Structure formats: structure tokens, C-alpha cells
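I opened my notebook to record what I looked up, one topic at a time, and to keep my wording close to what I could check. The structure I worked from is shown here.

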Amino acid sequence: MSTNGKPMEANKEEIVSENGEQTRSRRSFVPRTDIYESEEAIYLQADMPGVQPDSVEIMLEKNLLSIHGMVEPLAPEGYQLAYAEYEDGDFMRRFRISSQIDGDKIQAVLKEGVLQLVLPKTRPEQKKISVKAG
Amino acid sequence: MYRTIYTPSVLSEMERLQREMNRLFEGVVPRRLLSAPSYPAMNVWSNQEGALITAEVPGVQPEHIDISVVGETLTLTGERLAPEVGEDARYHRQERGYGKFSRSIELPFRVDADQVQATFNQGVLQIRLPRAEEDKPRKISVQVANA
């Protein structure tokens, strides 16, 4: 599949307000996400640098998928921040999934700061209805 | 008339002073985020011994990151590979970029290139840049001259 060569962007998009403010005094960002679909599944890849695997929450409620990655702010001991181009913060995003997903078979992997989800589609059961001659 | 001209000039003088003061403190605590001139965005932490640079480079494999230090200049180059997707896949959203990147930054001191250390954890790169020994500030003790 050919893909367009989109360059990488240096700045993160901050979540300004989404259904009220967070209780944690921390910035939240929108993870840059790729979503593609095949016959069998929907694939999602979201950039969440700094998030550890045990700090990710993934929820599928009906057709609403929410992903949330919490980041422990980096504060190297004995150092002072002298110059800053980015801020640490959590990553949050919601997606409405149009296909029927088999919620029990969702796979999630976090690798190199990228959350990779595979959402297998449920196959509609095929039933052949025979027509009786009346 | 005199007053109306005089007052704003005092204000602007105070504003100027404020700006100068802010600039003085900028070296210690960043007042605001500066926008990164190119990918990736970097944060610089410093102390007497050197600097620690962090950068968010999600999806870049550590073996595709190259760090080089010459004198005071750090150059970070790398590549994020295009995702491998199946033939029948069709994109709903494509927001993550990929490709090569290269960025150089100049530090306010000479780096001891042999002692540079880099770690990579879940898309966050940390580079420790110790200051070269001959570049460190020296404490000069005053000797008492014996009469």
C-alpha cells in the first residue's frame, strides 16, 4: 500500500477542555494516531512517548473506544530545566468505532512509546435461509 | 500636557526593565515553551557537571538513532520507518509522520565526547553530556604568602 510521506511534527497538540477539567494538575495531549482497517480488523497506532505499559487504560464501551496514557513527569535529580520545547503530559483520546468489534480479542502492545491496538471485527454470522415450497 | 507625555514614558521604562529582568531569569527557569525549530522537540537540563537533553521520538527504533558530538555541538539524526500495512488496508486517519530527521544544537560548553551516554525508554531519548574537564569552572584557592 502506498502511503504519503507526511513529515514528523515536533509540537504536541494540547487538550484544552474535554468534558470538564482533570483532577490532576497536569497537561493532557492528543496522541497523533493512525487508524487503518482491513477485512479482519481495525488497527490503531498512537504516539504516547514516555508512557509505561502499566499506565495505559483502554476502554471499549459500546462503540466508543477511549485510550488514556499517564506519564510520570521527568525530573532528573540534580539538574535544572534550562531550556524547554516540550512539556510532559498525559495522552487522551476517544474514537467512535463504526464496525462491530470483538471486545474480548482486542490486542494492545506498547512499543517504543507507540500504542498499537488490533481490534478484530466480529463476523456477522452467515445463515442461509432455505425457502420451503408452500 | 507635560504629565500626559511623561506618564507613558515611565510606564514603558518600567516595562522595559521588566523585560530585562525576565531575560535575566530566563537562563534559570524557562518562562514559556519555545517552539522547536525542527523535529524532535528537545528539553535541556543543566548543572555544573554538564547537561541532560531529552527528546520525544516515539516509534523510532533505538538502532535508527545516531548521536554525534563534536566540540560544543550535538547532532541527532534518525529515521522513523513507514508503518507496514497489509495490501487490503485502508486508512481512516494518518496523523503520524515518518521519515528522516536531523537536528543540531549548540551547547554553552565543550562536551567530553567519550563520556556521552544515551538511553531510550518508551520513545523518550535521554542524552547525558558531561562537560569536558578542561572546560569546567575551577575554584582557585588563594594561597597565603609566607612572609
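These are my entries, in the order in which I wrote them.

**Entry 1: what I am looking at.** I note before anything else that this is a predicted model. I then looked up the make-up of chain A, and I found 10 strands and zero helices, so that the pattern read along the sequence is β-β-β-β-β-β-β-β-β-β. I also wrote down that 28% of the 134 residues in chain A are buried. Among the contacts in chain A between residues at least 6 apart in sequence, 52% join residues that are at least 24 apart.

**Entry 2: a sheet in chain A.** I asked myself in which order the five strands of the open sheet in chain A stand. The order I found is β1-β2-β8-β6-β5, and the pairing is mixed. Because β1 (13-14) and β5 of chain A stand at the edges with a single partner strand each, one side of each is left without a neighbour in the sheet. Within this sheet I followed one pair further: β6(A) and strand β8 (residues 90-96) of chain A run antiparallel to each other and are joined over six bridges. As one position to look for in the picture, I marked L65(A), which stands opposite F95(A) in β8(A).

**Entry 3: a sheet in chain B.** Turning to chain B, I found an open sheet of three strands in the order β3-β4-β6, with antiparallel pairing. Its edge strands are β3 (65-70) and β6 (99-106) of chain B, each of which pairs on one side only, and the twist from one strand to the next averages 10°. Strand β4 (residues 73-80) of chain B pairs with β6(B) in the antiparallel sense over eight bridges, and here I marked R80(B), which stands opposite G99(B) in β6(B).

**Entry 4: the nonpolar cores.** Which residues touch the most other members of the largest nonpolar core? I found that this core has 19 residues, and that the ones in question are L44(A), A46(A), M48(A) and L115(A). The strands β4 (41-47), β6, β8 and β10 of chain A each supply at least two residues of this core, and β4(A) gives the most, with five residues. Leaving out residues up to four places away in sequence, I listed what A46(A) touches, namely P31(A), T33(A), I67(A), R93(A), V114(A) and L115(A). Apart from this core lies another, of 18 residues, among them W45(B), V57(B), L76(B) and V111(B). I added a background remark for myself: in soluble globular proteins, nonpolar side chains tend to be buried together.

**Entry 5: backbone details in the loops.** I looked up phi for K62(A) and found a value near 55°, which is positive although this residue is not a glycine. K62(A) is placed in the loop between β5 (51-61) and β6 (64-71) of chain A. Is K62(A) buried or exposed? It counts as exposed, because it has 9 C-beta neighbours inside 10 Å.

E112(A), also not a glycine, has a positive phi of about 50°, and I found E112(A) in the loop between β9 (107-111) and β10 (114-120) of chain A. With 19 other C-beta atoms within 10 Å, E112(A) is partly exposed.

My last item is in chain B, where the peptide bond from Y39(B) to P40(B) is cis, with omega near -5°. P40(B) has its place in the loop between α1 (2-26) and β1 (42-47) of chain B.

Technical notes: Residues are numbered from 1 along each chain as its sequence is written. Chains are lettered from A and ligands numbered from 1 in the order in which they are written. This is a predicted model: local features need pLDDT of at least 70, side-chain atom pairs count only at pLDDT 80 or more; totals for chains, interfaces and linings use all residues. Helices (H or I, at least four residues) and strands (E, at least two) are DSSP runs, numbered from the N terminus. A residue is buried if 20 or more other C-beta atoms lie within 10 Å of its own, exposed if 12 or fewer, and partly exposed in between; C-beta atoms are placed from the backbone. Two strands pair if DSSP finds at least two bridges between them. Axes are lines fitted to C-alpha atoms, for helices over the stretch in contact, and angles run from 0 to 180 degrees between N-to-C directions. Two residues are in contact if their C-beta atoms, placed from the backbone, lie within 7 Å. A nonpolar core is a set of buried Ala, Val, Leu, Ile, Met, Phe, Trp, Tyr and Cys residues joined through C-beta atoms within 7 Å.
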